[in-house]
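Colleague: Could you take me closely through one part of this model, and then show me how that part's chain sits against its neighbour?

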There are 4 protein chains.
Amino acid sequence: MSFPREPGKFYRMPVFFGPNPCPRWTPEGVVQDFAREPVRSTLGTRYLTDAKALEAVLPEGFRLWGEPIVTVEAIYMTGFSWLAGGGYNMFDVKVPIIYASKTEGDVHGTLLMARWESLSDPITTGREELGHNKLFCDIPEVSDFNGRYHTSMSWRGFPFAKLWAEDLVEQEAPAGNPANRGLLSWKYIPATPRPGKKWGEEADANYATLTPPAWSGVKTTRYLAGKGGVEWARPTFEQLPTQYTIVNGFASFPIVENRGAYYFWMTGGASGDDTYRLD
Amino acid sequence: MSFPREPGKFYRMPVFFGPNPCPRWTPEGVVQDFAREPVRSTLGTRYLTDAKALEAVLPEGFRLWGEPIVTVEAIYMTGFSWLAGGGYNMFDVKVPIIYASKTEGDVHGTLLMARWESLSDPITTGREELGHNKLFCDIPEVSDFNGRYHTSMSWRGFPFAKLWAEDLVEQEAPAGNPANRGLLSWKYIPATPRPGKKWGEEADANYATLTPPAWSGVKTTRYLAGKGGVEWARPTFEQLPTQYTIVNGFASFPIVENRGAYYFWMTGGASGDDTYRLD
Amino acid sequence: MSFPREPGKFYRMPVFFGPNPCPRWTPEGVVQDFAREPVRSTLGTRYLTDAKALEAVLPEGFRLWGEPIVTVEAIYMTGFSWLAGGGYNMFDVKVPIIYASKTEGDVHGTLLMARWESLSDPITTGREELGHNKLFCDIPEVSDFNGRYHTSMSWRGFPFAKLWAEDLVEQEAPAGNPANRGLLSWKYIPATPRPGKKWGEEADANYATLTPPAWSGVKTTRYLAGKGGVEWARPTFEQLPTQYTIVNGFASFPIVENRGAYYFWMTGGASGDDTYRLD
Amino acid sequence: MSFPREPGKFYRMPVFFGPNPCPRWTPEGVVQDFAREPVRSTLGTRYLTDAKALEAVLPEGFRLWGEPIVTVEAIYMTGFSWLAGGGYNMFDVKVPIIYASKTEGDVHGTLLMARWESLSDPITTGREELGHNKLFCDIPEVSDFNGRYHTSMSWRGFPFAKLWAEDLVEQEAPAGNPANRGLLSWKYIPATPRPGKKWGEEADANYATLTPPAWSGVKTTRYLAGKGGVEWARPTFEQLPTQYTIVNGFASFPIVENRGAYYFWMTGGASGDDTYRLD
């Protein structure tokens with residue numbers, strides 16, 4: 001009997017026992033309603049960095065879309081049907097980007113440079129299905145210290161990014177840019193080498209992906225804006241062995257101008273099942 | 001600039017900041033010594049199951065090698081240089097297998113049906129580089145309750161497998177079978193579909209891998225054997241949404257005959273860098 | 001120099017470095033506003049049990065107040081100034097009680113039979129200052145599985161109480177009973193024995209306490225009611241060594257009649273600084 | 001029925017369901033063998049500090065015994081019968097001390113200034129029964145990074161003390177000082193105030209305790225000594241709200257001279273049931 005046995009289903013390793021739930025597939029009887037789920041809150045900040053520093057790390061085909069603005073967000077989600085009502089947290093680093101597609105020409109979107117998550121299961125499904133740059137870290141709930149909001153990401157007890165916001169005032173949520181076609185990412189999965197080949201000579205996946213935005217069902221219920229920022233650590237190998245290059249990479253982008261902070265609440269989302277390979 | 005920039009290095013997503021440490025690559029100045037690392041202890045049990053039940057779930061090309069013996073082990077490791085001296089725990093399910101390779105003929109080895117790990121970083125590197133069936137769960141230290149050893153794997157507070165051993169007596173470590181060529185696995189990475197294609201129609205990776213055993217440096221320092229076993233839960237979707245099919249799958253293999261338990265301590269290991277694709 | 005050095009402050013062990021923050025004391029510059037903090041949500045259920053079973057475990061001076069109704073609640077709090085804006089979770093078991101005070105006569109209130117908390121710091125301050133029956137366990141966030149709310153308390157991976165609610169409908173929050181004077185508890189701290197004495201012969205504290213309710217600042221923002229319940233495990237010593245008698249104790253109270261479940265959201269609270277010894 | 005119902009047993013809050021296990025009491029059938037349990041490893045360092053700085057914080061009756069040497073240790077224990085074979089970790093700060101007892105005269109011992117533990121249950125029993133200065137924090141396993149041993153204590157993601165050792169060589173374990181009568185502590189439990197009294201006016205417990213050493217059963221199986229040290233953070237209230245005064249207190253003791261580090265393994269222990277109140 002060959003594998004996968006039921007094309008159209010979402011298999012991941014291990015494949016022996018059939019498909020396993022992910023945001024794009026749930027077993028019969030488990031209804032997902034992305035007009036309602038997940039319920040989320042997002043604490044974020046933006047800053048202008050140096051265009052050259054940022055462009056120096058981009059893979060071929062990517063270039064900046066307008067100002068080199070780095071967006072850093074801690075996102076808290078709950079109520080996912082595919083997790084039986086549970087949730088998890090994310091910590092994102094994003095920049096506005098244009099990808100020069102051979103088939104579609106310039107695609108404007110948001111490059112998701114890294115997405116840390118507090119749960120391993122969506123890391124696996126997101127990396128392998130969507131090609132998103134997911135990593136694990138601890139993402140504690142936001143503390144509200146008399147109107148000063150703060151949290152701190154850490155890995156095995158080493159805090160590598162502090163995020164805060166204060167003096168926030170209620171305002172209307174900014175509209176999304178309709179020219180933005182979604183989250184862009186670079187999917188890379190190394191090939192396990194064939195005999196005679198070396199690691200890195202071939203890849204199982206090495207292409208761009210696009211995840212269209214979840215405009216439809218999403219509803220922002222409250223939006224606050226004000227001051228805030230992020231402080232990146234500059235970890236040694238001993239402090240952060242598996243991620244020190246990534247955190248030092250982000251820390252190396254200069255904060256040329258702080259563009260403030262925000263905190264908002266939203267319902268609804270998307271499964272990401274319209275994600276596709278962008279050549 | 002194209003990617004990867006330095007062939008031969010171990011890149012994983014995100015690719016922007018160069019290679020990141022894994023067991024197969026550490027930065028300059030970080031020496032790995034697999035004759036010494038990791039230091040590990042293993043609590044394990046074996047049972048005879050039904051050959052037909054087991055064979056029914058195997059991908060094409062795999063068949064049982066001798067008796068259908070299921071080995072279940074909790075493994076505790078520390079002292080990895082690639083983790084700056086830290087470690088993590090594993091929970092394995094393995095069976096003796098023959099893979100009918102088109103290029104090598106019958107390859108005798110151990111099918112690693114599932115390997116839960118307590119840390120996300122080796123899950124990612126192991127899935128993407130080696131094609132190992134890695135999943136996350138909590139794997140608490142073994143309790144020694146006056147000579148009764150016990151532990152219990154859980155995911156988000158739901159315990160799905162209890163492992164125990166008792167009446168253990170010191171004995172010589174059994175020799176490895178020289179005919180066993182190592183860990184066999186089935187690497188499967190779904191393709192992010194191109195426009196017009198459906199999920200599951202194509203795969204980025206869909207092949208067998210072989211990880212040769214770490215015979216050389218490994219040294220068993222103590223070996224105990226006696227009674228013991230494993231008890232699998234039969235979780236509902238609500239209890240274990242992302243892994244209920246896998247745990248119920250293992251629970252569905254009948255325990256025809258308990259083959260006892262063991263607890264041993266070992267030093268040394270291997271990076272897995274001799275893992276290769278087996279067509 | 002004698003201790004405590006500044007009477008009126010809240011000292012706890014270790015005493016060397018002065019008072020440490022608790023809900024009843026924060027350092028200069030840290031303002032608490034219990035009209036606003038904490039922000040909390042509560043998932044609860046009630047059931048009628050057997051009066052005799054419940055009364056059999058009460059210390060002298062306590063008797064049931066009306067029907068033997070057991071209330072079980074999981075409570076999630078955030079925004080505490082004394083925790084720099086952070087929070088923690090609680091899991092309560094409460095019954096309506098009358099305490100026959102020698103000085104005040106019958107005091108009607110709620111006996112807080114156990115309050116598990118997910119953070120050690122408030123456990124210590126609550127036990128030692130208020131005499132509350134606080135214990136540690138993991139109290140995961142409530143999952144909302146398409147309108148079925150569920151969570152499960154556990155200790156070191158062993159789940160001992162499942163709580164759920166479903167078919168909830170919006171309704172007005174029930175008014176508190178003005179005859180209820182607050183939370184009653186029995187504070188017991190064993191004496192470290194003097195030479196020649198045995199453990200248990202003397203106590204450092206052995207008296208009732210009363211914590212008046214936080215009527216003033218508290219505001220219920222949303223209240224849902226419907227079906228639900230709690231399921232107690234019956235753990236062995238091996239499963240729950242430090243708390244198995246307590247959980248089995250609660251499990252031994254028969255559920256004579258299920259009285260439904262509720263889920264509500266509230267702002268505001270109280271420091272508990274008006275708690276006093278009730279003789 | 002009055003409480004406690006069975007004098008001689010070890011009751012703690014909540015008292016309703018009888019005694020609960022602690023190192024000094026286990027239920028029938030659960031045998032403790034302190035010649036064998038726990039199994040422990042200890043990573044420690046010592047430094048000379050300033051006598052005046054240290055004496056300034058001591059309660060009345062305590063004075064330094066010889067040089068002002070601060071000992072800081074991370075201790076990892078497993079195999080406790082009272083925890084069904086499990087364990088927990090400790091992080092200690094200790095100094096040599098003389099307590100001027102009214103009944104016994106000068107008592108020479110070790111002042112346990114703080115003992116952080118990674119589990120809430122022994123914190124409660126140790127504070128309330130022994131009067132030990134126990135607090136909660138995360139105490140990760142020691143990493144062995146090619147012979148550099150390191151770990152870092154943290155509370156809710158904020159690391160407050162780093163401990164390390166390197167260039168360790170095997171040597172004989174130093175003998176204990178027979179003049180040392182054990183661990184001295186100051187037990188302080190505030191009284192819940194009677195009506196008309198203020199917090200801090202009275203105490204339920206306010207006395208010294210002595211825990212004799214576990215000389216008998218303890219056996220050191222390996223002892224390494226070399227270089228190392230501890231680095232204390234200087235946290236703000238926002239970083240460490242419930243313990244910032246304690247950590248800053250230890251950080252304020254100057255490190256006048258580093259006295260090296262050690263790492264040792266030991267079996268056996270003591271229940272602490274010979275602890276007594278020292279007036």
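Modeller: This is a predicted model, and I will begin at the end of one helix: helix 2 of chain D is followed by G131(D), a residue whose phi is positive, near 75°. The helix that leads up to this glycine spans residues 120-130 of chain D and is mostly covered, with 11 of its 11 residues buried. Buried here means under 20% relative accessible area, and the residues that meet this cut-off in helix 2 of chain D include charged ones by name, among them D121(D), R127(D), E128(D) and E129(D). The buried set also includes S120(D) and P122(D) at the start of the helix, as well as I123(D), T124(D), T125(D), G126(D) and L130(D).

From the helix I turn to the contact that chain D makes with chain A, where 10 residues of chain D are in contact with 10 residues of chain A. The area buried between chain D and chain A is about 800 Å², and carbon and sulfur atoms give 51% of it. On the chain D side, F145(D), G157(D) and E238(D) supply 51% of the area that this chain buries against chain A, which is more than any other three residues supply.

One of those three residues, E238(D), also takes part in a salt bridge, its side chain meeting that of R148(A) at 2.7 Å, N to O. The count between chain D and chain A is two salt bridges, and there are also two residue pairs in polar contact between these chains, both at pLDDT 80 or more. As for the elements involved, strand 8 (148-155) and strand 9 (158-170) of chain D are those that give two or more residues to the side touching chain A. Strand 8 of chain D gives the largest share of that side, three residues. Taken by character, the residues of chain D on the side that touches chain A divide into three nonpolar, four polar and three charged.

Finally, there is the arrangement of chain A relative to chain B, where a rotation of 180° with 0.0 Å of shift along its axis superposes chain A on chain B, with an RMSD of 0.0 Å. That is the relation of a two-fold axis, and in chain A the C-alpha nearest the axis belongs to D204(A), which lies 2.6 Å from it. Of the interface residues of chain A, 100% are also interface residues in chain B, so the copies meet through the same surface.

Definitions and conventions:
Residues numbered from 1 in each chain as written. Chains lettered and ligands numbered in written order. Predicted model: local features only at pLDDT ≥ 70, side-chain atom pairs only at ≥ 80, totals over all residues. Heavy atoms only, no water. Contact = heavy atoms within 4.5 Å. Buried area = accessible area lost by both parts, 1.4 Å probe. Salt bridge = Lys/Arg side-chain N within 4 Å of Asp/Glu carboxyl O. Polar contact = N/O pair within 3.5 Å; in protein donor to acceptor, adjacent residues only side chain to side chain. Helix = DSSP H or I, 4+ residues; strand = E, 2+ residues; numbered from the N terminus. Buried < 20%, exposed > 50% of the residue type's maximum accessible area, 1.4 Å probe, protein only. Least-squares fit on C-alpha atoms with pLDDT ≥ 70 in both.
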